[in-house]
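User: Hey, I've got a protein model open and I'm a bit lost. Can you walk me through it?
Analyst: Sure, let's put it up and go piece by piece.

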Amino acid sequence: MALPLSILDLAIIGEGETAADSLAGSVALAQRAEDLGYRRVWYAEHHNMPSIASSATSVLIAHVAAHTRTIRLGAGGVMLPNHSPLTIAEQFGTLETLHPGRIDLGLGRAPGSDQQTLRALRRTPSSADSFPQDVLELQGYLAGESRIPGVDATPGKGTNVPLYILGSSLFGAQLAAALGLPYAFASHFAPTALEEAVALYRRDFKPSAQLDRPYVIAALNVIAADTSEEAQEQFLASKRLRVSRFLGRGGTFTTEEADMILESPAGQQIVQMARYSAVGDPAEVKDYVNRFAEHAGADELIVAFSAPDRKAGLRSAELLAEAHGL
């Protein structure tokens, strides 16, 4: 049986698009993913980013769930220190109540934005310190075993929405292992600690009521096209877009400027973020995906389609599903 494939939809607002265009594209991608046999689609919480439309993650999940039938949907992830555990339990308990058996809750501890936005969220630099305790509090609400006497999540209590710990360092691996939760590693943009984190997680895993053995989801970028040349052209275009997104300060660069920046130390750092990228025709992408899965020791892969436009991203999803045997 082919390794399960899932999708991380970054809800990108493309050049010349509106947030409404992006959200409509997320619905279309989830519907196509459902038809193609992908296991789940996740959306990540980001704030104050003009090119990403998934800031209100639970609202986006609700909208997509209302326009799909069977595919699992979830957060990949909610940045829990930005919220109270009770609020997240109520939101995702509501989602699970409306769409039983289809909702996932991935949890991270990063701000998901810059320092100014952190202040706007009423979050302090020390908010992340209580992440492990907040995960346990949230888990208690969803299991109907509240850790705060007299306080329950309604909806939420007894829904047992499955939790996943997200990470890009050893901290998340240690926490997921200690709590007996599935672990999703953000190797699509933070590749450095992948092998060490997965090894630590598998070594130290303690079974829990949710999970009896380790379960690793590893992320990678995918650009699949009908020809290798076309895929490489899309990959170069996507790297140029990343330059504008990360270094443009709200502006854009010409092709020549972007290529010059890509040769600089700052540009090379952006290139290294995408170290794990399957780029090519269907056969090449299939081969890379299989090798990456083995390298990562993954039980499931979650892919970010990083083609420079929505139509090409959908084509990547179709080609990958066919090549992988979904």
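Analyst: One term before we start: helices and strands here are DSSP runs, at least four residues for a helix and at least two for a strand, numbered from the N terminus. Also keep in mind that this is a predicted model.

User: Okay. So where is P155?
Analyst: P155 sits in the loop between helix 5, residues 131-143, and strand 5.

User: And what kind of peptide bond joins T154 and P155?
Analyst: A cis one, with omega at about -10 degrees. Most peptide bonds are trans, by the way.

User: What about the bond that joins G76 and G77?
Analyst: That's a cis peptide bond too, and its omega is about 5 degrees. G77 belongs to strand 3, which covers residues 72-79.

User: Back to that loop with P155. What is phi of N160 near?
Analyst: Near 50 degrees, which is a positive value, and N160 isn't a glycine. N160 is in the loop between helix 5 and strand 5. For background, most residues other than glycine have a negative phi.

User: And A11, what's its phi?
Analyst: A11 also isn't a glycine, and its phi is positive, about 50 degrees. You'll find A11 in the loop between strand 1 (5-9) and helix 1 (19-36).

User: Is A11 buried or exposed?
Analyst: A11 is buried, because its relative accessible area is 1% and buried means under 20%.

User: Let's switch to charges. How many salt bridges does the structure hold?
Analyst: There are 16 salt bridges in the structure. One of them pairs R202 with D299, whose closest N and O atoms are 2.9 Å apart. That pair connects distant parts of the chain: R202 is in helix 7 (residues 194-204), while D299 is in the loop between helix 11 (282-296) and strand 9 (300-305), 97 residues away.

User: How accessible are R202 and D299?
Analyst: R202 has 33% relative accessibility, so it counts as partly exposed. D299, at 24%, counts as partly exposed as well.

User: What does R291 form a salt bridge with?
Analyst: With D287, and their closest N and O atoms are 2.9 Å apart. R291 and D287 are about one helical turn from each other, because they're four residues apart in helix 11. R291 is partly exposed at 47% relative accessibility, and D287 is partly exposed at 41%.

User: What about D212 and R213, buried or exposed?
Analyst: Both D212 and R213 are exposed. They form a salt bridge with each other, with the closest N and O atoms 3.7 Å apart.

User: Which residues are linked in a network of salt bridges?
Analyst: R39, R40, R72, D104 and E300 are linked that way.

User: And where does negative charge gather on the surface?
Analyst: Look for a patch made of E229, E230, E233 and E284. Helix 8 (residues 228-247) gives the most to that patch, with three residues.

User: Take two residues from helix 8, E229 and Q234. How buried or exposed are they?
Analyst: E229 is in helix 8 and is exposed, with a relative accessible area of 55%. Q234 lies in helix 8 too, but Q234 is buried, at 10%.

User: What is Q234 in contact with?
Analyst: Leaving aside neighbours within four places in sequence, Q234 is in contact with I223, A225, A307, P308 and A312.

User: I clicked on Y164 just now. Where is it found?
Analyst: Y164 is in strand 5, residues 163-167. Y164 is buried, with a relative accessible area of 8%. Not counting neighbours within four places in sequence, Y164 has contacts including R40, D104, L105 and I217. R40 and D104 also belong to the salt-bridge network we went through.

User: Last one: where's I88, and what does it touch?
Analyst: I88 is in helix 3, residues 85-98. Leaving out residues up to four places away in sequence, I88 touches V78, L80, H83, G93, L105 and L138. I88 counts as buried, at 1% relative accessibility. I88 and S58 are 30 residues apart in sequence, and their C-alpha atoms are 8.7 Å apart in space.

Conventions:
Residues are numbered from 1 along each chain as its sequence is written. This is a predicted model: local features need pLDDT of at least 70, side-chain atom pairs count only at pLDDT 80 or more; totals for chains, interfaces and linings use all residues. Side-chain values use heavy atoms; hydrogens and water are left out. Patches are made of residues with over 30% relative accessible area and no salt bridge: like charges are joined within 9 Å, nonpolar side chains (Val, Leu, Ile, Met, Phe, Trp, Tyr) within 5 Å. Accessible areas come from the Shrake-Rupley method with a 1.4 Å probe; for residues, only the protein chains shown count as cover. A salt bridge is a side-chain nitrogen of Lys or Arg within 4 Å of a carboxyl oxygen of Asp or Glu. Lys and Arg count as positive and Asp and Glu as negative; His and the chain ends are not counted. The place of a charge is taken as NZ of Lys, CZ of Arg, CG of Asp or CD of Glu. Buried means under 20% relative accessible area, exposed over 50%, partly exposed in between (1.4 Å probe, protein chains only). Contact means heavy atoms within 4.5 Å.
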